[in-house]
Each structure stands twice: as structure tokens, then as C-alpha cells.
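Reader: Could you take me on a close look at one part of this model, the second largest pocket and the helices around that region? I would enjoy a connected account.

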Amino acid sequence: MLTNAPRGTKDILPDTVGDWLYVEDNIRSLCRRFGYQEIRTPMFEHTELFQRGIGEGTDVVDKEMYTFTDRGDRSITLRPENTASAVRAYLQNKLYADNALTKLFYIGSMFRYDRPQAGRMREFHQFGVEAIGESNPAVDAEIILLAMKLLQGLGLNDLELYINSVGCPTCRAKYRTMLQDFFRDKLDDLCEDCRSRFDRAPMRILDCKRDAEKPYMKDAPKITDCLCDECSDHFQKLQKHLTKAGVKFELDPRLVRGLDYYTKTAFEVKYPPLGAQSAVAGGGRYDGLIEEMGGNPTPAVGFATGLERVLLALEKQGLLPDNNRSVDVYVVALGEAAQEEAFKLVMDLRDAGFSAAVDYAGRSMKAQMKQANKLGAKFAAIMGDDELSEGVVMLRDMAGSEQEKVPVNELINKLK
RNA sequence: GCGGUCGUGGUGAAGUGGUUAACACACUGGAUUGUGGCUCCAGCACGCGUGGGUUCGAUCCCCACCGAUCGCCCCA
């Protein structure tokens, strides 16, 4: 127990950190080009923030939150996602005062109490983006393109982009009754879950796996047929923008969000080779959220991508760069006097900008040479009694195996 | 939260109800008392996820727990 990280958590070890940095560097440079600025919000917030911002009735809020009472008797929750916090920070710090459109991105740990499996951790990492303050569908398109470009830029090819519109509260209310009318006489044929969804969340019946094969399912009304003029226009324009940008997408009427403040655009990016956890990115518009949280009505769009899943996909495709760090100079010291000199030499080399290593264990020359080889040292600088008395170092080119004596005080110039 | 599979050294991985738990790689040392990458030799699990139980005896059988993994649910 003592030597095991909690279930669903993982150490990111030195040999993997390079992969993360690689992805994060890509994210930061892409966001800079798209004009999104990084924001870092607290890892935990008041529980109510997520209850309001994500919504009661969602799995995330109802059964996946890490919630506890702190010593001041406040209910605190480890963030399960970052949109609610970003919006909170936007309102609290009045970011709307600086610009009509606020474009933010974040990278960080999120926490959900769920059953772990490949691509699903209790502590996991998301990169996400929020564009707050603009209702133009071009922003929806910009965000989708940002997600796609990130993934494609990393080399991922077999991506599938699904989009849908969930309308606004007005068209959704209309759609809801249409759906209920459609299913009312089929209730007896539906599964138990669906019967209970009928009143609460009739839209969810459409995604039911058990009832998916029922012949009448494909005749069910589609939300996109019920959109009001404004929502419909928005959806058309989004598609136009995507097409113009040369992105392929599929319409997926089953892509829904349950809560009222999710509006219009919903999208998801899948990478099917990942299996069960193939959703790599997802997002959409939430024109109702800011008002729900006490701000002035403000339109906004965002998305998030799961970095573990992106990394899994990259690994699967062999798209991770090798980040083997090699050492410039390995100083081999023989004997105590040489060790002291070697220590000084290593420090001087490092000051001069080289990466340099020594052995501290007083091991045999052979062992030190082996180590130099293992570290991929370009040069070995050998210091024994002979070299010491001559004030030189035996500089050996590890690749070519030729070596020559070089005065210690000329070594750095020689290597440059 | 539900169902399936699995859990042996640093890693991969054989194995059996009963003496010394294969093998490979890695690692350490040596052959080469001042020279790596090849070769050869040697060393390296008081222990087979944890805790119970069955048994004369269990790593191998049973139960529970923990963990990993796959699928469902949900999502990133």
C-alpha cells in the first residue's frame, strides 16, 4: 500500500516526461498562433461550482466527484473538468472588461472517481480551450479546427469528427415533446432504462445501446429538423466554415448534451484504434452557462482533449519522438586524486554549456567506460595518474575510437 | 457501479500439490591489474500481489481483499 500510488493514478516517470513535454509544446505553440492565452485555475473549487456548472443529473456530478469537507467545514471538490473553473475565473476577475472575446486555454490534472482502464484514469490530464463572448459560428469552427490541427499536427490520421447541433432551450423544448409523442406508443417495447428516460431525458433514448437496433429508431425525429431559424442558420454556417477549411466531418444526431445551458454546436473527435475509450476530444457551445453562474448572458464555446488518450494514440502509431538525451563528455577518473580533478573538470564543462557526467562510486575504468557508452557519451575524457602529472586528459571519441592527449585548460576550446 | 481475464526476480516469461522455482534480457563482477560497444564465465527470487482457509504439505486448490487489463456504463 505504502509503495503503491492510489488506484487510478500514475507516476509520469523521467523516460516519459519527454513525451508529455512534446505534446505540451505543440499545444502551446498552436494556442499562441490561434491567440489563446493560458490560464491556470485551482485544482479544487467549491463543490457548488461544479454542481451548477456541470449540472446535477450528470454522471460526473452525481457519482464521479472527489468531494470532501475541509477543516473549515466547506465542501470542496477536486475539479473534474476545467470549464466551470475557467468561467468562474472569467467572472471573478472580470476578464470581459478587457476584450469582447476572451480566448483561454489550460493544461492540467482533472479528477474523476471512475473505474480505471486503459485511457481512463482517476487523475487524468486535459488540454482545453474556452472562447467566451462571441456567438458567431466561426468561433465554433475555429475551436474545432484547433482541436483537429493539434491532433493532425502530431501525426494522427484516422481521426473522425462528428458534429451536431442541440439547439437552444426553445427548439429543444419543441423537440422534446416531438420525441415523447414519437415514443409514447412504443414505451412497452423499450428497455427499462429508456422507459425511465422518457420523462427525464427523452433525448437519451436515442443513444441507448440496447434499443439501437429497433427498426423504428431511424424514423425518430431528429433535433436538427426542429431547430429554430437562428440555430439552424448557425449550424449551416458552421458546416460551411468547416468545409471551406477542408475538414471532413460527419453529422451525428445522437451526439447530445443533457443540460439546458449547452446550446447549438456539439462535437466529438474519435480515434477508433483506441477501442472503448476512443473519444479523444469533445466540446461544444454553452451559451447559457455564464448566465447560469450569475454573469450577464454571454455566449461561449469550448472543448477539451484527454492527454492520456492522445499519448496512447501517438504511442500506438509510433509517433512519439525519441528523446534520448546523450551526454557530451563522460569524465573517467582513476584514483582519488584524479577524482578530485575530474569533479572540477565536470563542473567547468557544465559551466561552459556541455552536459558532462562522472562516476562517484570509484568504479573500475572498464565500468566507467561502459557507463559512458550507455549514456551515449560523445567523448570520454580519461584522467589517470599519468594524465594528471602531465596536466592533460585523454580525450576519446566514443564513436570513432581514436583518442589524443589534450591539455586540461584547452579541453573546452577543443570541444567547441 | 456491473461482467470477463490476469497478478511468479529489475523486466519479459516457463512451471509443479511435496528435494536446489526454468530460460531470456537487464544489472554487477571477472576473463582484459588504464579503455566501452562483440564474445565467454560467474553472481543475482529465505520467494511466486495481500490476508485467510483446505491439506501431513501450497506458488500451484478454495474464499476475500488489493491491483492491472478488456468490455458495459459514462466520458477526455
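Author: Happily; here is the pocket, followed by the helix packing and the domains. This is a predicted model, in which local features need pLDDT of at least 70 and side-chain atom pairs count only at pLDDT 80 or more, while totals for chains, interfaces and linings use all residues. Residues are numbered from 1 along each chain as its sequence is written, chains are lettered from A and ligands numbered from 1 in the order in which they are written, and side-chain values use heavy atoms, with hydrogens and water left out.

The second largest pocket has a volume of about 540 Å³. A pocket here is an open set of points on a 1 Å grid over the protein atoms alone, where a 1.4 Å probe fits, with protein on both sides within 12 Å along at least five of seven lines; lining residues have an atom within 4 Å of a point. The volume is the space filled by probe spheres set on the points, which are joined across faces, edges and corners. Of its 23 lining residues, Lys 10, Ile 12, Thr 16, Trp 20 and Glu 308 are the closest to the centre. Two or more lining residues come from each of α1 (14–34), β5 (102–111), β6 (123–132) and α10 (307–316). These elements are DSSP runs numbered from the N terminus: helices (H or I) of at least four residues and strands (E) of at least two. By class, the lining has 11 nonpolar, five polar and seven charged residues (Ala, Val, Leu, Ile, Met, Phe, Trp, Tyr, Cys and Pro count as nonpolar, Asp, Glu, Lys and Arg as charged, and the others, Gly among them, as polar).

Now to the packing of α1. α1 and α10 pack at an angle of about 110°, with their axes 11 Å apart (axes are lines fitted to C-alpha atoms, for helices over the stretch in contact, and angles run from 0 to 180 degrees between N-to-C directions). The two helices α1 and α10 are therefore roughly perpendicular (65 to 115 degrees). With helix α5 (residues 137–153), α1 makes an angle of about 150°, the axes being 10 Å apart, so α1 and α5 are roughly antiparallel (over 145 degrees).

Technical notes
Angles under 35 degrees count as roughly parallel, over 145 as roughly antiparallel, 65 to 115 as roughly perpendicular and the rest as oblique.
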